Amino acid sequence: MSVINVRMTLMVLCVMSVMAASSRSLFGEEPAKAFLDALREQGYYDLALEYLDRMQTSRLATNSFKETLGYEKAAVLIDSSKVVRDEPTRVKQLDLAESLLTQFVNSKRSHVLVSSAQSKLATLLFERAYLNIQNSKKPDLTSAEQQKLLDSARDQFKKASETLNITREFLKERLTRIPVGTRDEALRQTRMIYESEYLTVRLLLPVVQEQMADTYPANSKEQKELLKKAAAEYESYANDYQARYRAAFFRGRLYQGRCLEKLGELKEALICFNDIFEAEGDEDALRQIKKEALLIASKCWLANDPKQFLELIQVAEPLILTLKPHEASDPQWQEIELLLAKTYRDAVTMLQSNQSKTASDRKRIATYNNRSIDVARRLTRASGPYKREAQTLLATWGVGQQPVEEVAAPPETFAEAKDRAKKLLDAFETSRVMIETLNRQLVETDVDEQKKKILEQLDASELIFNRSSEEIIQLCQLASELVDDDTSSDDLGIVRYYQCYMYRWNGDLYESIALGEYQLERFPNANGTRQCADIACGALWQLYLEEEGSKEFELSHLTQNADTMLERWPGTPEANNVARIMNQVMLRERNIERADDYLKQIPSDSPAWMIATLDTGYRMWSDYRTELEQLKQLEESGIPEGMDLESTRQKLAEMKDQAMSYLESGMKSLEIETINRNRAIASLSLASAYLEDDQIDKAILHLETPRVGALALMRAGHDSVANEDIRQSISRVALHAYLLGLKSTSNPKGLLEKIDAAIADVNSTFDDSQEARNTAAAIFYAEAIGLKKRLGETAGANRQSMALGVARLLEEVRTTSNQIGYLVGTAAALTELGEYYVDANMEDQAKIFFELAESTLLTMLDQEANKKLALGAPEKREIMRRLAQIKRNQGGFADAIKLFAKVLSERSAIDVQIEATRTYQMWAADQNSKDHYAKAMLGGEPRVDPKTRRKSNAIWGWGKLAQTTAKYPDFRDTFFLARYNLAFCRFEYAQLLDSDKYREMAKRDIASTVRLYPDLGGGETKLKFDDLLKRIQTSLKEPAKGLASL
Amino acid sequence: MSKLLLSALLGLVVSCCLLTGDLLGQSGDRVYPKSGRAKSGNVIRMSTRNVILDDSGTESRFDVNEIKQIVFAGEPRELTRARTSINEGRFNNALQELTSIDEPPSREVIALDVEFFKSLCQAQLAIQGEQGTLNGAGATVAKLVQTLQQKENYHYYDAVRLFGNLAMASGNFAAAEREYTKIAEAPWPDVELEGRLLVAQSKLGQKKYAAAFEDFTFVESSSIKSLEAAELKLAAKIGSAACMGGLGRADEGIAALEDLLLAQRDENGPLLAKLYNAIGHCHVEANRPKDALLAFLHVDLLFQQDRMAHAEALYHISELFAQLKQDDRARDAMRKLQSQRFVNCYWASLQ
């Protein structure tokens, strides 16, 4: 059901009420109503509201006008809300309007405008409810959010229904006051108005019920009950007015049938529609109702088994055969024509399948075949949404192009030339579609005979196509020569449009530009000029895109044409198209401001607006990213003097917000049919923007939006994302989004599954070569390390989910890459994950990670041994070190010490020394071993140095580490670490021996460090020293004063 | 303003039907006074102030301000038809008639009549933006004023007024003031009253608020009682209220204008346009742009009949929208002002 129809009905109702109320003089007072209406008509809603505010206290306004201020303000707000693009503002306005109308209705019960206010209120509620239903269908809503909107819609419908009931009672009461046969003319008029309002309100009541049914799930009990109720009310309405108002009766039956069809009661629905179809008369109003009924009835006939083709033909045929000229261009009538053409063919198939065909059947087959062609051909000649489908139908039926009459003599008048050009143009268009369809069929068929037939048809169509193309231009030129005094500029404009169109089609761009611009300049008001200008601009845009070098010509001509078109025909498809072109041009010229100006000239409900908005948003987003990168580089290399960093950042933030706003607006109305590569990238940019803004859930929802989301497009294999780079970008952004989503998800299992799918998506964009696999592994590695860094940002279950996410990625790297750096890094990261699980007291999980890390490293060593991997000495040392760490983490301290010693005997390195010494300390702590504490302090694993022949410890211990690093300022942190641990190990050693002597030594370790460096490295290091000293002092039974005592 | 002028000019002509009937049996000149019966005879003398008619030895003297029309014996039929067209406001037709006069008129006074009416038509067409330019018409009328003064012709004051009107229409308020001052110095109280009003309006155009206010007040307080004088006084009241805006008494001015608005009992679009423009002007002076805008929009949306008043309103609307940073609307108003309707219009030339 169209809400527009309901809205229009309500508007009529309101207008009638106002008519009854507004018989007043303009003079001797402020012409408030007239001025207010004029302001509204101009769209000056803001001023209208200002004016009403002023009228509240103005001595110029009459008291009667002041009484209606609330009503008028609500009316302005309702009108204004229709042009407000920002939804929150619109909702706010409608809220206020609703409140004002309610207030008016409640406080001015006897006012003449009260029924109009009630109707307005009902309309408002109805529209808001309808809007909520529409919004609830948005794919990015959760089911709870959808339900909330549907609940609101239901409440609004209920309120609308209550308001309409009040209005009905009000009108009923008013009608009882005026006698039916009154001779008083004024009373008679008023009664007529009230009756008409009453009629409308009665019809609207079930309309609300019917619409409210949509707020419940399909086929639910509630939905069915509401539909039944609505059907019953429609029936009662129809019956009540059958004798008095024929139109009301038919309208009631139509809507009753509509409800019954929705309920699946097709037979009953058809009974209602038959009442309408059987009605005699050819007036427009009745034909309109028949048309609406036919569109619904056809669904019933075709839903029946067997399908009732003949019934459909029986009703539709006489209506289509008597189509009036103004109806021929009505898309709904054209829809019926198309339906009829198809049904003729279906009926033919049905009749042919009958084994025992009668002579009558055979005659009908021939007739239906011919009529289907006639109807389809007529559609191909009209302009409208079904033209192309009709052309395709003809081609599918294998119906050749209707031969264009061969006329030997050239046209002698302008009109003859124009008519012939038009016929040829229709033939040209139809043959173009036929060629496309036949070529498709040719590819699809394997049967030689069919192929031969198709090829014959193709030849015929191509002949017509090629011949028409040349002849149309010749005829147009001839028509121009035959212009005489009787030729109207409108007819000439149409001929020029044909000519312009054909030039463009033939690739004669300059000719089409010249002719289109000439027409625009000389005959701006003639028919066909808009189309000519549109074609010229299209050709200029093509040149702009294709030509190399200066674009001055294209730019200046496009700008001039566009400005003229936008001024003359704002809001038309041609003006919208040229604004979109100019938006693109300005974006390419990097003139965002002007691009934005042109964008603003495109109505937001036009398809061109969505395209331009997305393109503008994408361009802004690209610029933002580029400038952000530049800023980062500057920050790294040093900010130039005089540069205002804060304002640059501010500017960037604004750019980003603006880009996101455009992208979001454009995405709202993006349809699958309009998606191309650029729009898919724009959509992906918005997901990236959300991620950058830390709006992870939004990013995921956006990527997954059914049909049009970037991820959905990729998985559906849409052409717009066929390019491998785009697919890779999409899968990477999706992977990144899912990984970040782990931080706060309530469904980690589901998200991890999505991560697996995204990993598979990324892999699918690479081939099987080792090089490609390494590249993919590098991506996973970077994500893993990034995510690992964020582990600290959350806790509990989400932290574990994130760790699992990291593990999935690392597993991918481990099993696909042969890059030593990444593999070692992976092992390190797996080790860290294991340590994380140790900290979380999840030993089993920790063990898995340690084993994986170990396996990674051992595999590398195996591969090296088998000469599959070439490892240098430093790399081998690194592997050994990592292995030692893993052994240590698994409690294999002895093995770990051996590995560390092996690494260190080849080459000593401070970081390895620290890890090795720490291993002694951990071992000591694990086993309460004073010997291992001693080794942690003094070192172990003695070796003979091959160069000096002197014996020394391969592992230094904290003492030597402190001694060695003391003289290097760069190693100061290591020095403090070593000194602290030396004192710590000494103290633990003392505790195990219960020796005050060693406790004192531990105290001295700290005191001597303080003497050298009183601040002890400051911060946490100093605090640690302080704590340790207090422990030592306590165990020595001294006051635990810590560092203060030294 | 233009309505006053037109009525004054049309006072010089009589309706076609009457005239044609009279002319059929006419042998001499015929003077039609504003009140009373027409007199026939021979115009034997005239000056810029009066005309002497001799009827068989009896001389009758007519002050110029009392003369509705003079029809001269032997004047071309085209001149007669032109007067009819002027009477009906069809200046194009009148001009066509006048330019089609081939033979030179037999008397100088008739030739001057033809010249005067030709200039009148050209000036009116230029002021209405239908044909020619204000400067072109101004040059012709300036010459004519000189000739009429030299020749002591009874059309002199009418030509002076016409020249003033052209100067006003082109925004040359100082020149208009000079010309209108001559009218204000005429020896007849009713003409003087009209002159003072015109002078005041030209001063208002120059933003000489105090001086203009004084002249408007003079007109308002005049003791002359006639329909014409009442109309002049009403125009003066609007003018003086507008001056109050410029003199820092905007609210007082608005109150006076609202009183006038509430007192209106007839649909008089041009008058209402002037009233709302004056209200808008006061709000502008009081720096209340939105109130001013609403006032001027009354003229643009409801009372567009008077071309000049409409142009003035559109000019201010465009300025005010620009001031309120509503550039699209400002441009729309400007675009309207640049349409054909406002060709040769001073306010359009300000854009």
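**Salt bridges and the interface of chains A and B**

A:Lys291 is buried, with a relative accessible area of 1%. In this predicted model, the side chain of A:Lys291 nevertheless takes part in a salt bridge with A:Asp330, in which the closest N and O atoms are 2.7 Å apart. A:Lys291 belongs to helix H13 (residues 284–303) of chain A, while A:Asp330 lies in the loop between helix H15 (325–328) and helix H16 (331–352) of that chain, so the pair ties together parts that are 39 residues apart in sequence. Pairs of this kind rest on a general principle, namely that side chains of opposite charge can pair when their charged atoms come close.

Over all chains, the structure holds 93 salt bridges, and a few further examples illustrate the settings in which they are found. Within helix H8 of chain A, A:Asp151 and A:Arg154 are 3 residues apart, which is about one turn of the helix, and their side chains meet in a salt bridge with an N to O distance of 3.3 Å. Of these two residues, A:Asp151 counts as partly exposed at 33% relative accessibility, whereas A:Arg154, at 11%, counts as buried. In chain B, a salt bridge joins B:Arg61 to B:Asp63, with 3.9 Å between the closest N and O atoms. Here B:Arg61 is exposed, with a relative accessible area of 59%, and B:Asp63 counts as partly exposed at 25%. Salt bridges may also be joined into a network, as is the case for A:Arg625, A:Glu629, A:Lys632, A:Lys656, A:Glu692 and A:Asp693.

Two buried residues of chain A that carry polar side chains were also examined. A:Gln118 is found in helix H7, which covers residues 114–136 of chain A, and has a relative accessible area of 3%; because this value is under 20%, A:Gln118 is classed as buried. When its neighbours within four places in sequence are left aside, A:Gln118 is in contact with A:Val105, A:Thr163, A:Ile166, A:Thr167 and A:Phe170. A:Thr182, in turn, is found in the loop that runs between helix H8 (143–177) and helix H9 (185–212) of chain A, and is likewise buried, with a relative accessible area of 14%. The side chain of A:Thr182 reaches the backbone nitrogen of A:Asp184 at 3.2 Å, and, beyond its neighbours within four places in sequence, A:Thr182 is in contact with A:Leu187 and A:Arg188.

Attention now turns to the interface between the chains. The size of an interface is often given as the accessible area lost when the parts come together. Between them, chain B and chain A bury about 2100 Å², of which 64% is on carbon and sulfur atoms. In chain B, the residues that lose the most area to chain A are B:Leu294, B:Leu301 and B:Arg329, which together account for 27% of what that side buries. The contact draws 25 residues from chain B and 21 residues from chain A.

Across this interface there are 6 salt bridges, including the one formed by A:Arg59 and B:Glu258, whose closest N and O atoms are 3.0 Å apart. There are also 10 residue pairs in polar contact across the interface, counting pairs with both residues at pLDDT 80 or more. On the side of chain B that touches chain A, the elements giving two or more residues are helix H12 (250–263), helix H13 (269–285), helix H14 (289–301) and helix H16 (327–337) of chain B. The largest share of this side, 7 residues, comes from H14(B). By class, the side of chain B that touches chain A has 12 nonpolar, 4 polar and 9 charged residues.

Methods. Residues are numbered from 1 along each chain as its sequence is written. Chains are lettered from A and ligands numbered from 1 in the order in which they are written. This is a predicted model: local features need pLDDT of at least 70, side-chain atom pairs count only at pLDDT 80 or more; totals for chains, interfaces and linings use all residues. Side-chain values use heavy atoms; hydrogens and water are left out. Contact means heavy atoms within 4.5 Å. Buried area is the accessible area (1.4 Å probe) that two parts lose on being put together, summed over both. A salt bridge is a side-chain nitrogen of Lys or Arg within 4 Å of a carboxyl oxygen of Asp or Glu. A polar contact is a pair of N or O atoms within 3.5 Å; within protein, one must be able to donate a hydrogen and the other to accept it, and residues adjacent in sequence count only if both atoms are side-chain atoms. Helices (H or I, at least four residues) and strands (E, at least two) are DSSP runs, numbered from the N terminus. Ala, Val, Leu, Ile, Met, Phe, Trp, Tyr, Cys and Pro count as nonpolar, Asp, Glu, Lys and Arg as charged, and the others, Gly among them, as polar. Buried means under 20% relative accessible area, exposed over 50%, partly exposed in between (1.4 Å probe, protein chains only).
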